[in-house]
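Reader: I should like to go through the terms used for this model and ask, for each, on what grounds it is applied.

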There are 6 protein chains.
Amino acid sequence: MKQKTVTFGEIMMRLTPERYLRFTQADRLEAVFGGGEANVAVSLAQFGMDAVFVTKLPEHELGQAAVNYLRGQGVDTRYILRGDGRLGLYYLERGAAQRPGKVIYDRKDSAFALSEWEEYDWEAILEGAGWLHVTGITPALSPQTERMTESLLKLAKEKGITVSFDPNYRQKLWSLEKAKAVTERLLPYVDVCLTGLQGNAVLGIADAAPEETAKRLVSRYGFSHVALTMRQSRSASDNGWSAMLYQDGRAYYSRQYEMHLVDRVGGGDAFAAGLIYGLQNGFDGQHAIEFAAAAGCLKHTVEGDANQITAEEAEALAAGSGDGRVQR
Amino acid sequence: MKQKTVTFGEIMMRLTPERYLRFTQADRLEAVFGGGEANVAVSLAQFGMDAVFVTKLPEHELGQAAVNYLRGQGVDTRYILRGDGRLGLYYLERGAAQRPGKVIYDRKDSAFALSEWEEYDWEAILEGAGWLHVTGITPALSPQTERMTESLLKLAKEKGITVSFDPNYRQKLWSLEKAKAVTERLLPYVDVCLTGLQGNAVLGIADAAPEETAKRLVSRYGFSHVALTMRQSRSASDNGWSAMLYQDGRAYYSRQYEMHLVDRVGGGDAFAAGLIYGLQNGFDGQHAIEFAAAAGCLKHTVEGDANQITAEEAEALAAGSGDGRVQR
Amino acid sequence: MKQKTVTFGEIMMRLTPERYLRFTQADRLEAVFGGGEANVAVSLAQFGMDAVFVTKLPEHELGQAAVNYLRGQGVDTRYILRGDGRLGLYYLERGAAQRPGKVIYDRKDSAFALSEWEEYDWEAILEGAGWLHVTGITPALSPQTERMTESLLKLAKEKGITVSFDPNYRQKLWSLEKAKAVTERLLPYVDVCLTGLQGNAVLGIADAAPEETAKRLVSRYGFSHVALTMRQSRSASDNGWSAMLYQDGRAYYSRQYEMHLVDRVGGGDAFAAGLIYGLQNGFDGQHAIEFAAAAGCLKHTVEGDANQITAEEAEALAAGSGDGRVQR
Amino acid sequence: MKQKTVTFGEIMMRLTPERYLRFTQADRLEAVFGGGEANVAVSLAQFGMDAVFVTKLPEHELGQAAVNYLRGQGVDTRYILRGDGRLGLYYLERGAAQRPGKVIYDRKDSAFALSEWEEYDWEAILEGAGWLHVTGITPALSPQTERMTESLLKLAKEKGITVSFDPNYRQKLWSLEKAKAVTERLLPYVDVCLTGLQGNAVLGIADAAPEETAKRLVSRYGFSHVALTMRQSRSASDNGWSAMLYQDGRAYYSRQYEMHLVDRVGGGDAFAAGLIYGLQNGFDGQHAIEFAAAAGCLKHTVEGDANQITAEEAEALAAGSGDGRVQR
Amino acid sequence: MKQKTVTFGEIMMRLTPERYLRFTQADRLEAVFGGGEANVAVSLAQFGMDAVFVTKLPEHELGQAAVNYLRGQGVDTRYILRGDGRLGLYYLERGAAQRPGKVIYDRKDSAFALSEWEEYDWEAILEGAGWLHVTGITPALSPQTERMTESLLKLAKEKGITVSFDPNYRQKLWSLEKAKAVTERLLPYVDVCLTGLQGNAVLGIADAAPEETAKRLVSRYGFSHVALTMRQSRSASDNGWSAMLYQDGRAYYSRQYEMHLVDRVGGGDAFAAGLIYGLQNGFDGQHAIEFAAAAGCLKHTVEGDANQITAEEAEALAAGSGDGRVQR
Amino acid sequence: MKQKTVTFGEIMMRLTPERYLRFTQADRLEAVFGGGEANVAVSLAQFGMDAVFVTKLPEHELGQAAVNYLRGQGVDTRYILRGDGRLGLYYLERGAAQRPGKVIYDRKDSAFALSEWEEYDWEAILEGAGWLHVTGITPALSPQTERMTESLLKLAKEKGITVSFDPNYRQKLWSLEKAKAVTERLLPYVDVCLTGLQGNAVLGIADAAPEETAKRLVSRYGFSHVALTMRQSRSASDNGWSAMLYQDGRAYYSRQYEMHLVDRVGGGDAFAAGLIYGLQNGFDGQHAIEFAAAAGCLKHTVEGDANQITAEEAEALAAGSGDGRVQR
């Protein structure tokens, strides 16, 4: 029987000036909802998986809007807490060509960041769960979320739930030292480690080739799988993209994509969802990494934080040419 | 020589769903800047006055956008501090007919709320100032702003600067008891008291007629002027509106307006700016209250928090019929 | 234990030119989803009820968008069929003042209209259901839906489920004679009859006063409840609105609302949902009709086909003044 | 056989800030085309008449856009000249409630204003024409257009073409004295005089009642018909509206409309088109004025300068209640 | 004397989510009109040709909007029938990078598809015509249109009118077998065959080089001209593009364009119009194919189904560098 | 002490169809303000410089909007005249791929073009100025501006103010001969000459390599600095870009950028501002040209005529990789 996947983290409202306007030029902001773990849940639900997103949101209407969004995507929202506190926000300015995108976080003291372990009904949440996914953003938000992340990973481990983790270091949230220390405590509970090749400083490995990086991580932390994305940031408008999965002592490489970007955010989350889907559905190594890389690639062509693609679409790209011909 | 008017408070970004969409329906938010004291400064600058707005804003680009907005309106922004902290926000859902508008505040711990008296160069700020305007929102924001408001009113009084104050009670910011206690400490420094007739519970007077209300306030606090707005909220789409000025023992009533609303917010601030303009320019009582009421009325036809009208436009309405004929 | 409410009908995409543009002026169309029974389900879900909407939608992405919309609103969509066929559409041109709104239907041969009784799992759908709501639009769509409506009402009756029905005659869908004949066959299964006072020609009663109308309907068809809405269409921009509930031989009248309209469509559905909510929650007659009338009134201030209000908001209007003051 | 109607004048691009934004708040302008005589031609074409609009437009793409617009509306554009010069513009700021709309003209030295009589092929233009319509704006634009208007009216008279004229005085274009002097020269060629009751100072009659005004005009200038619109400008949002036709010594009054305005501009032109249509189609006096008044009323509910209604729609309002019920 | 060109087919409303939004993300749809033969007529009219588009459209306002659009573009619409039936639609989701564009057709049972040969006044339509253009979409729509296409080609042939045909196979409309069988019946009447090199399976030739393809077609069907477009679909955002004309036993190749796409749809129609223009105006082979290829290339930079360029613009690109410098 | 920079010229409203719509497709125009010298002032103000823009604008609200824009950007607007006359306009159609952008000027007889030397208070304007920047557009506008430009350059020279000049030839404004003759009279007063390598025909040098061009200019006119931009216009969507500074007999080349364009206009002005900033702040030759080239490059990623970047952003690009990674 298919088991549910649980993700735990913060969902924010993202506010983006229209088109390529700069923050100082904007008088209208596009509002979408996103956050690493929420994005993964949304992707999985669209692949037809049973995906549960756990968080705490303010009681007010914008908190409700976040619930409605998730619910509309097919995510199981029944364990989302509602209560006092604010909605985490982030402002995103799209980059273009040589001008990088910019993020202004305004997520401090959100309802989620201030929530406590005891508020959640963990037994119910994890009942029937086969997989748990968390990113390194969750423990970075507050002492509370740091403690909860560790407790949750531990509890999942005890229950035999597979744990995937994406360190996802954000320098605007915490220092590298702090991030390293906390991550170090979490990794022993992790089965599947996903990370961008360039962003794994928090794992203490830098500048190594993909396979070498994976080997070192496996030997150090005993991961069953390491999945790496390799992004070539040619400009804010064009990126190269590929990925590697390391399992059972062997590395599987996806093909390489050259992407003209629609929305850069959430590529890693879409990749993670693709990989979780592949591993849960028993794809072999090559199939799994091609599927995950294709899912991640397609995210870059979709507006918003979360992917909006079906499993069929990811398969079609993984199997096809990516020539983008109109389907009619 | 014309003297400058100083206002002190918070300017927020206001985020409003398009048209009459509810918060749960919005995927685009209109972004404008506003706040009681900032709105007054903007109005005065458009009337051709020398208006200084004092606040603290975050260092980031959205803080800059607020400065650019004020600067563009002709407000003197040279004393605005920049630094750490967040930008105060509020979300506004437009009301329509029987459905009331809704405000969600997200302004806690803003850069301004956490700023301290010593950060501002008060001597420079008040040099050449003839008038100071503050509302009851400023002391409501934090212990720091509560202390600063009292210090500032005291200092202004010492320097012989005319002080106008609008209690502007907001139940989502503080309790009525707390508001009353703080306001009580501030009122001795106030010369000109402006308030909505229905909103003056914080002044300890309720349900009295306008003239009687003014008399009691004058006898209790020694104000030189009391200006009251009388709003008849027929629905979220249509309001009645008039005002009264009490000075030298005499009450002056403006005419009555029936308004089809474009934007309800900031009517009181526009009125305050009109009155300050009239009093500074030596208008007689009747002229002053007609000008202020017309300025306030016109605000209800202008989108955003702050008025966008010239003194000529307010005069034209005060003197004319309000028949709204196209000018061509 | 609270029982679920089932509604059965078509959900269409509604395409509306922006603002007050005429069809011949439009180059952008606002797209929302709506349909009588879907609107009722959405309203009930927002009131916190367990609401199931049953229909058939095309397999393609726009069919999915309709499901996502309903799911996001909290409606139980698990019994919605997907398959071949087209998505029903209607084009709406907003009216203004003396210019009436216009509807162009393009819903012929939709996936729902062509669906068959055997495709649906009626036993599962009705299990745990305490209430069924259908409008006269469903049987008007095709011979299939005509047959299914009758079968469904009959089945509900057999299972002791309360049945509410709104004849909702649409001359662009079928002739009055045909409508009358079909409605006549359905009414014996109906417990609660809802209709606009002016639109009940299909019930064979015209030009009678509300109470008289209700009495005749009760005596003719044995309804337990008759609920009538009384709309005074002063113009496309302004309507009067009130309602009457007739139960146990007594008429309860709501207060009268004068509404400046944001969106005219779906007022009757919002009223129906309000009444169903009130009756299911044991409101007394006066409370039920005030709640339902307030819910219907608020719909006219909300864009789209379906209401977007909570039970608290309807209660607040039912109990309050409707003065539309900003809540801050 | 139905004869064509010729109108001669300037068509401008009208640039309007979105919603109710003031000029100083706008960063997007809605662009439509309009001008008194063009509006009349567009209305007539929609009524199914053969309508010719004559003007000169710049060679560039925006001149082409104006042609495309007219052509799309069914207006005969074959006599429109193209050449050097600029496109006339006007900026319109929508009024709301007590705030009047504002027009900024930027039409000086347009291609049309600088065009000369000899450039047009008048014989071809007037061949088969039964009616000529011009407003007082055309002669106000330049010495060239002043001369051409007189020549054209004279030529039409010689050819036995019915001439209608709307003085349409605009103080931003010329002085009252100049307007009076020129109008005085034109009126002898006019058969049908249309004007707003309040705007006929240019005709030397002020403050007279409608019938009296018409009588004086007829006796002074020998018009066969005088048609007056009576607007009560209650505010920029709400107007009263009715009209009177005086012919054969008798006055026919339309019913009175209370209009909530969508777009105030072009009401007089829509009325003129309605009247021309009625008179050309042999409507009796009462029918003609009701049709024209209804057409004018409906224009106030339509965005843009020109009406967008069919003859059936005007008839329906003239005959109906104006209750604005949705047609479905 | 220049003779008119007649095209016969369906014009649909195309509904496209804004920007790169997916169908499931859209709440606003951009509405334009398009269809193969209509696009060709629009292009020709903009080149200054006399172009007639023949179809049947619904009586309602959206049918009128389609007529207005065509008329505005300068197309002769006098032979367009109006009557019962629906407006054909298609939904287009823009592709981006590796994500292909998607089309959902909703054109079944349109007024055109259900129209009959006898409804059209073919003698009047073809009087003065020198060229007829049809695509393979027209016969694919219904048995009626299949029959009419054959009749029309036959009639044109009899009248000595040059016939151009673009097979334009759409798998969502009919099967390849059916398409082949019908096309086979039509080709004997065709003089000029236009097709995409990759899309000519319906002609029974696949995987041959351009010149070889053309030769085979000529030898098999006796075409006077074969024109092929060669598209390299590198992604949904970037395409290569060139074309070849085969006439009098000789092949003429255009230069190669690398295009960053604005709107992929209608490139073939724009090319067809370019070729028809060139051949009608006696361009030599090289000139004709360069002009047509340039026209087709420019279409990819223009939003909507139909090209919006003048003959001068196509000539400028055919003759120039395509360096896209601003013209100022 | 830092000295102010003065620029003198026209600021226009620029009206641009949305997205890539052609002029004939637009019904909404984006409105921004721009003009060569104004753009330079805006850039400098954002770099933290004291920048004064001198012009004359109409008294009306759109003139005020231009002032507000400049003021908001931090430009010193106190010397801007207001008075009769029109606002200069230009219409911009964005190019895409092989389709070039198009400009329609409508700036004749603007308030600025008709203004006279005596209206400006030159002594006050130039007091404290260390730098003056003008482009060749200013003298091209009218005989008045031609005379004023010469007078101003002469006066600046007398006062020892550094003069920078960008010939910026526009064929739609004047003939090459006229431009050459006037420019020849102005160059003796110029210290720093900035120009596009391809656009310097007006300087009488064509087709020379950058360094050779600079040498000839220096030897002919005695410039202290020559700065050249080298643009490779690959298409309207993609350009190459680099620059060279020649000073003290030595050429400094920036690195080469490949840019995917957001907004092509104003690249030269942004470069000029970058160079003026670098030279005023004592950057060495290589630093100055890298900074200026980076500033110019970034402009191509920013919507509107003027750059919206800080000095830090230009430095970051000049020093970094331009890989456009999101900053979070």
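Author: The model is predicted, and the questions below take up its chain contacts, symmetry, helices, a strand and some single residues.

Reader: What makes chain A and chain F neighbours, and how many residues of each are in contact?

Author: Two residues are in contact if their C-beta atoms lie within 7 Å. On that criterion, 23 residues of chain A are in contact with 19 residues of chain F. The side of chain A that touches chain F is made up of 7 nonpolar, 8 polar and 8 charged residues.

Reader: What turn and what shift lay chain A on chain F, and why is the relation called a three-fold axis?

Author: A turn of 120 degrees with a shift of 0.0 Å along the axis lays chain A on chain F, with an RMSD of 0.0 Å. That is the relation of a three-fold axis. Among the residues of chain A, R19(A) comes closest to the rotation axis, its C-alpha being at 5.3 Å.

Reader: What relates chain D to chain B?

Author: Chain D can be laid on chain B by a turn of 120 degrees and a shift of 0.0 Å along the axis, with an RMSD of 0.0 Å. Of the residues of chain D, R19(D) comes closest to the rotation axis, at 5.3 Å for the C-alpha.

Reader: How do you know that the length of helix α5 of chain E agrees with its number of residues?

Author: Helix α5(E), residues 143-158, has 16 residues and should span 22 Å at 1.5 Å a residue. The end C-alpha atoms of α5(E) are 23 Å apart, which agrees.

Reader: Which residues of α5(E) are buried, and why are they placed on the same side?

Author: The buried residues of α5(E) are T145(E), M148(E), T149(E), L152(E), L153(E) and A156(E). These residues cover an arc of only 130 degrees around the axis, and therefore they lie on the same side of α5(E). On the other side of α5(E), P143(E), S151(E) and E158(E) are exposed. The cover over the buried residues of α5(E) includes β1, α3, β9, α4, β10 and α6 of chain E. Just after α5(E), G160(E) takes a positive phi of about 75 degrees.

Reader: What makes the buried residues of α5 in chain B line one face of the helix?

Author: In α5(B), T145(B), M148(B), T149(B), L152(B), L153(B) and A156(B) are buried. Seen down the axis of α5(B), the buried residues fall within an arc of 130 degrees, so they line one face of the helix. They pack against β1, α3, β9, α4, β10 and α6 of chain B. P143(B), S151(B) and E158(B) are exposed on the other side of α5(B).

Reader: Why is strand β12 of chain C called mostly covered, and with which strand does β12(C) pair?

Author: In β12(C), residues 225-233, 7 of the 9 residues are buried. Strand β11 of chain C, residues 192-196, and β12(C) pair in the parallel sense over 5 bridges. C193(C) stands opposite V226(C) in β12(C).

Reader: Why is F223(D) called buried?

Author: A residue is buried if 20 or more other C-beta atoms lie within 10 Å of its own. F223(D) has 22 other C-beta atoms within 10 Å, and is therefore buried. F223(D) is found in the loop between α7 and β12 of chain D. Leaving aside neighbours within four places in sequence, F223(D) is in contact with V190(D), D191(D), V192(D), C193(D), L217(D) and V218(D). F223(D) and V190(D) are 33 residues apart in sequence and 6.6 Å apart in space, C-alpha to C-alpha.

Reader: How do you know whether N168(B) is buried or exposed?

Author: N168(B) has 24 C-beta neighbours inside 10 Å, and so N168(B) counts as buried. N168(B) lies in the loop between β10 and α6 of chain B. N168(B) has a positive phi of about 45 degrees although it is not a glycine.

Reader: Why is R19(E) called partly exposed?

Author: A count of 20 or more would make a residue buried and 12 or fewer would make a residue exposed, with partly exposed in between. R19(E) has 18 other C-beta atoms within 10 Å, and is therefore partly exposed. The place of R19(E) is in the loop between β2 and β3 of chain E. R19(E) is not a glycine, although R19(E) has a positive phi of about 50 degrees.

Conventions. Residues are numbered from 1 along each chain as its sequence is written. Chains are lettered from A and ligands numbered from 1 in the order in which they are written. This is a predicted model: local features need pLDDT of at least 70, side-chain atom pairs count only at pLDDT 80 or more; totals for chains, interfaces and linings use all residues. Ala, Val, Leu, Ile, Met, Phe, Trp, Tyr, Cys and Pro count as nonpolar, Asp, Glu, Lys and Arg as charged, and the others, Gly among them, as polar. Copies are superposed by least squares on the C-alpha atoms of residues with pLDDT of at least 70 in both. Helices (H or I, at least four residues) and strands (E, at least two) are DSSP runs, numbered from the N terminus. The expected span of a helix is 1.5 Å times one less than its number of residues. The arc is that of the directions from the helix axis to the C-beta atoms. Two strands pair if DSSP finds at least two bridges between them.
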